[in-house]
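Visitor: I'd like a close look at one part of this model, a sheet and a helix that packs against it. Could you take me through it strand by strand?

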Amino acid sequence: MASLTIRKLDDAVKAYLRLRSAQNRRSVEEEVRVILRDLIEGHEVPLTAFAAPPAPAPTSQRASAVPEASVTLIIGGGIAAYKSLDLIRRLKERRVEVRCVLTKAAQQFVTPLAVSALSHERVYTDLFDPQSEFDAGHIRLARDCDLIVVAPATADLMAKMANGHADDLASAILLATNRKVLLAPAMNPLMWSNAATRRNVAQLQRDGVVLIGPNSGEMAEAGEAGVGRMSEAIEIAAAAERLLRPPVPRPLAGKRVLITAGPTHEPIDPVRYIANRSSGKQGFAIAAAARAAGAEVVLVSGPVDLDDPQDVTVKHVESARDMLDQVQAALPADIAIFAAAVADWRVANAGEQKLKKTAAGMPPLELVENPDILATISKLTDKRPPLVIGFAAETEHLIDNAKSKLARKGCDWIVANDVSPATGVMGGDSNTVHLISRKDGEMAVDSWPVMTKEQVAIELVAHIAKSVTGGVTGKSAETAS
Ligand code: C5P
């Protein structure tokens, strides 16, 4: 029989299934079975939620919001099992869906009914449960989640895990999983300090298992104290959250990045202009990547058909001269990236009124050179950004032309790309670039494989972050040497 991996479904479908199953107090898998059965039997299934997934709930109602992650919680047999009831609530508060597995011993301390009531899901207890095993339920419990938490992790469960046993549902899940595992050990201090447990803990840590606690304090056994108390539910939930949503590195935090993007439109008269085929996609992707890396970003964009990236200050301009004005107004900046395809020329005698056809033939259009924004900023003495990056879009002699552009314009790096029509780069979604920089008085060429424009942006921002945090930027390194 075919099996279905819920994790691989579209986000909207997953959200719909999770919401429906939570409302019906069923596991997601059971919900899928019910939907399929209803469809086969010809019943109506309300699928409108696909078209309009529920809007995110306000923060105050987060506990009941659509879950964003899922945990399989294995509750081991120890007195600390009562704290796992609170842990279920703490995880759900953090928008984590929790599916619980109880070992045989755990059922001596908490009942499946209580766990099910709190998790709003059925509880799994048996490796040979015909209901869930017909499609290898222990494999699903091991893999259809983002994290496995074992709380309390008893000495016995840890020993089984360290030695690869799989003779009950909990140990089979732990052996079959490819997810991260978080253990919250709980046991008597003598069991915790026993050489066998020490060996097992060391082995589990070598295997990549993460431990939270145990804490030190009084034991349930009268008069006993020491290290062995299970961490509090809130500590375990916070540790789970760190593993589920690791903090995003922000290497450009505190840096100001200025980016130009898109084409420019140079007026011929009030209704006509000179333009080029630049879509602005690469510059916009760089703006988004720099913002994601924590930078404050100013994006000066020519006319494009793109949405403004989130949390980026966007200055919309038409002509090269407007672009230069906005770039100068945005200084100072730590890093400036000139990805715009600025028109080299503009019409000197742009008409105030629409040009008319005349018997005298075509009106003469006199072209004058536009300011070179990249060269102007690279040659500033006072407000020059410490790292200035230009682009070289070429159709022939790519590397040679890009190298001479780097020298001529005075920038620190050039991102060279072939824009011959056959490459589909202009307006397309991928790009093949070569990063040219100065190294020890020479020009170094780093050729990247074909990537999407988003990947190029992320890679470029990673290079920038490395350069900036390493304290080496083009110009300062140049002048220092
Ligand atoms: O000379 P070329 O247009 O090939 O140079 C490309 C690089 O110079 C790009 O980084 C582009 O944004 C920048 N440029 C500019 N102002 C111009 C022309 C090009 O900033 N007027």
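Visitor: How many bridges join strand β3 to β4, and do the two run parallel or antiparallel?

Guide: Two things about the ground rules before we dive in. Residues are numbered from 1 along each chain, following the sequence as written. The model is a predicted one, so local features need pLDDT of at least 70 and side-chain atom pairs count only at pLDDT 80 or more, while totals for chains, interfaces and linings use all residues.

Now to your strands. Five bridges join β3 (residues 147–153) to β4, and the two run parallel. Strands here are DSSP runs of E with at least two residues, helices are runs of H or I with at least four, and both are numbered from the N terminus. Two strands count as paired if DSSP finds at least two bridges between them. For a concrete spot on this seam, look at Ile 148, which stands opposite Val 181 in β4.

Step back and you'll see where that pair sits. The open sheet has five strands in the order β2-β1-β3-β4-β5, with parallel pairing. Its edges are β2 (96–102) and β5 (210–211), each of which pairs on one side only.

On to the other seam of β4 (residues 180–185). Here β4 and β5 pair in the parallel sense over two bridges. You can read the register off two places: Leu 182 stands opposite Val 210 in β5, and Leu 183 stands opposite Leu 211 in β5. In a regular strand, side chains alternate between the two faces of the sheet. As for cover, five of the six residues of β4 are buried. Buried means that 20 or more other C-beta atoms lie within 10 Å of the residue's own; 12 or fewer makes it exposed, and anything in between is partly exposed, with C-beta atoms placed from the backbone.

Next, the helix that packs on this strand, α11 (residues 195–206). At 1.5 Å a residue its 12 residues should span 16 Å, and the end C-alpha atoms are 17 Å apart, which agrees. The expected span is 1.5 Å times one less than the number of residues. The buried residues of α11 are Thr 197, Asn 200 and Leu 204. Looking down the axis, those buried residues fall within an arc of 60°, so they line one face of the helix. That arc is taken from the directions running from the helix axis to the C-beta atoms.

What does that face touch? The buried residues of α11 pack against α8 (155–163), β4 and α10 (189–193). Contact here means C-beta atoms, placed from the backbone, within 7 Å. On the other side of α11, the exposed residues are Ala 195, Arg 198, Arg 199, Ala 202 and Arg 206.

Gln 205 belongs to α11 too. With 13 C-beta neighbours inside 10 Å, Gln 205 counts as partly exposed. Its C-alpha is 9.4 Å from that of Ala 162, though 43 residues separate the two in sequence. After α11 comes Gly 208, with a positive phi near 95°.

One more helix is worth a glance, α9 (residues 169–176). Six of its eight residues are buried, so α9 is largely enclosed by the rest of the structure. The buried ones are Leu 169, Ala 170, Ser 171, Ala 172, Ile 173 and Leu 174.

For comparison, try another strand, β11 (residues 296–301). Five of the six residues of β11 are buried. It pairs in the parallel sense with β8 (residues 256–261) over six bridges, and the partner of Val 257 in β11 is Val 297. β11 also pairs in the parallel sense with β12 (residues 313–316), over four bridges. On that seam, Val 300 has Lys 315 in β12 as its bridge partner.

Last stop, the ligand. Its shell holds 14 residues, the closest being Phe 338, Val 342, Ile 373, Leu 374 and Gly 390. A residue is near the ligand if its C-beta, placed from the backbone, lies within 6 Å of it. Both α15 (373–378) and β16 (387–394) supply at least two shell residues, and β16 gives the most, with three.

Technical notes
Contact = placed C-beta atoms within 7 Å.
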